[in-house]
Amino acid sequence: DIRNILVHETYLEGDINPIVLPSDKLIERYRAMYERITRPPLALDEVAVKGEEIFSVSMDDHVLWAMKRMIQRGYSHAPLLEDKRVVGVFSEYSIFAYLAHEGRSLDPDLRIRTLQDGLELSRYKPERYRFTGPEASVYDVESMFSQTLQSGGRLAVVFITADGTKAGRLLGMVTAFNIAGY
């Protein structure tokens with residue numbers, strides 16, 4: 001009933017005061033909601049792991065060193081960077097692909113470069129990677145995860161690069177874990 005009175009009754013005439021007035025706190029809450037809808041927060045600002053905070057690997061890193069760091073920190077994917085650009089991803093898949101190929105074993109001196117076939121972005125079948133620019137909102141990135149899931153895939157990471165492409169300089173990365181907590 002209060003909603004109907006507020007929406008349908010006009011108080012523009014005479015001395016009639018409205019029955020219910022929203023509090024300043026409620027008005028501010030609606031303003032904040034309006035702002036989030038009309039100017040959504042950027043993924044890079046709100047949910048991405050940024051720049052120097054990103055755990056990455058290089059071709060010369062030892063595989064076991066990288067695996068230990070990832071386990072200690074709870075990471076499942078580490079971008080392989082060359083000149084601050086993503087050229088691959090080191091993950092469990094990289095290890096499994098290497099070990100499964102011709103029954104190989106894990107040598108303590110094994111370097112990331114040896115796993116090259118399992119690092120390439122285009123080779124991943126079970127996992128997918130997407131690239132977007134710094135202007136992507138939290139909702140844009142969330143939509144990428146949802147759409148991939150609805151199409152039967154699994155989006156592992158969205159990389160945010162300076163120009164939104166694989167060739168762009170890496171600015172941040174978002175995993176499903178990052179977006180789920182938002």
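What percentage of the 182 residues of the protein chain count as buried? The share is 33%, where buried means under 20% relative accessible area, exposed means over 50%, and partly exposed sits in between (1.4 Å probe, protein chains only). A quick word on the source: this is a predicted model, in which local features need pLDDT of at least 70 and side-chain atom pairs count only at pLDDT 80 or more, while totals for chains, interfaces and linings use all residues. Residues are numbered from 1 along each chain as its sequence is written, and side-chain values use heavy atoms, with hydrogens and water left out.

**View 1. The whole chain, with its 8 helices and 6 strands.** Helices (H or I, at least four residues) and strands (E, at least two) are DSSP runs, numbered from the N terminus. Read from that end, the elements go α-α-α-β-α-β-β-α-α-β-α-β-β-α. Take the contacts (heavy atoms within 4.5 Å) with a separation of 6 or more: 62% of them join residues 24 or more positions apart. The accessible surface of the chain adds up to about 11900 Å², and carbon and sulfur atoms own 52% of that. These areas come from the Shrake-Rupley method with a 1.4 Å probe; for residues, only the protein chains shown count as cover.

**View 2. Helix α4 (residues 63-73), with a buried side and an exposed one.** Val63, Ala66 and Met70 are the buried residues to look for here. They share one side of α4 because they cover an arc of only 65 degrees around the axis, the arc being that of the directions from the helix axis to the C-beta atoms. Swing round to the other side and you meet Lys68, Ile71 and Gln72, which are exposed. Who covers the buried residues? The cover includes β2 (77-82), β3 (85-91) and α5 (92-100). Just past the end of α4 sits Gly74, with a positive phi of about 75 degrees.

**View 3. Salt bridges at helix α2 and beyond.** The whole structure holds 4 salt bridges, each a side-chain nitrogen of Lys or Arg within 4 Å of a carboxyl oxygen of Asp or Glu. One of them pairs Glu28 with Arg31 at 3.9 Å, N to O. Both partners belong to helix α2 (residues 24-38), 3 residues apart, or about one turn of the helix. Glu28 is partly exposed at 45% relative accessibility, and Arg31 is exposed at 52%. Another bridge joins Arg39 to Glu35 at 2.9 Å, N to O. Here Arg39 is exposed, with a relative accessible area of 60%, while Glu35 is partly exposed at 31%. Asp83 and Arg85 make a bridge as well, at 3.8 Å, N to O. Asp83 is exposed at 66%; Arg85, at 32%, is partly exposed.

**View 4. Ser137, a buried loop residue.** Look for Ser137 in the loop between β4 (128-132) and α7 (138-150). With a relative accessible area of 5%, Ser137 counts as buried. Leave aside its neighbours within four places in sequence, and Ser137 is in contact with Pro40, Pro41, Leu42 and Ala43.

**View 5. Ile37 and Tyr139, 102 residues apart along the chain.** Their C-alpha atoms are separated by 9.6 Å. Ile37 belongs to helix α2 and is exposed, with a relative accessible area of 66%.

**View 6. The largest pocket, holding about 380 Å³ of space.** On a 1 Å grid over the protein atoms alone, a pocket is an open set of points where a 1.4 Å probe fits, with protein on both sides within 12 Å along at least five of seven lines; lining residues have an atom within 4 Å of a point. Its volume is the space filled by probe spheres set on the points, which are joined across faces, edges and corners. There are 20 lining residues, and Ser76, Met173, Thr175, Phe177 and Asn178 are the closest to the centre of the pocket. At least two lining residues come from each of α7, β5 (155-161), β6 (170-175) and α8 (176-180). α8 gives the largest share, 3 residues.

**View 7. Gly181, in the segment after α8.** Gly181 is exposed, with a relative accessible area of 69%. Now pick out Val47, 134 residues away along the chain: the C-alpha atoms of Gly181 and Val47 are separated by 8.4 Å.
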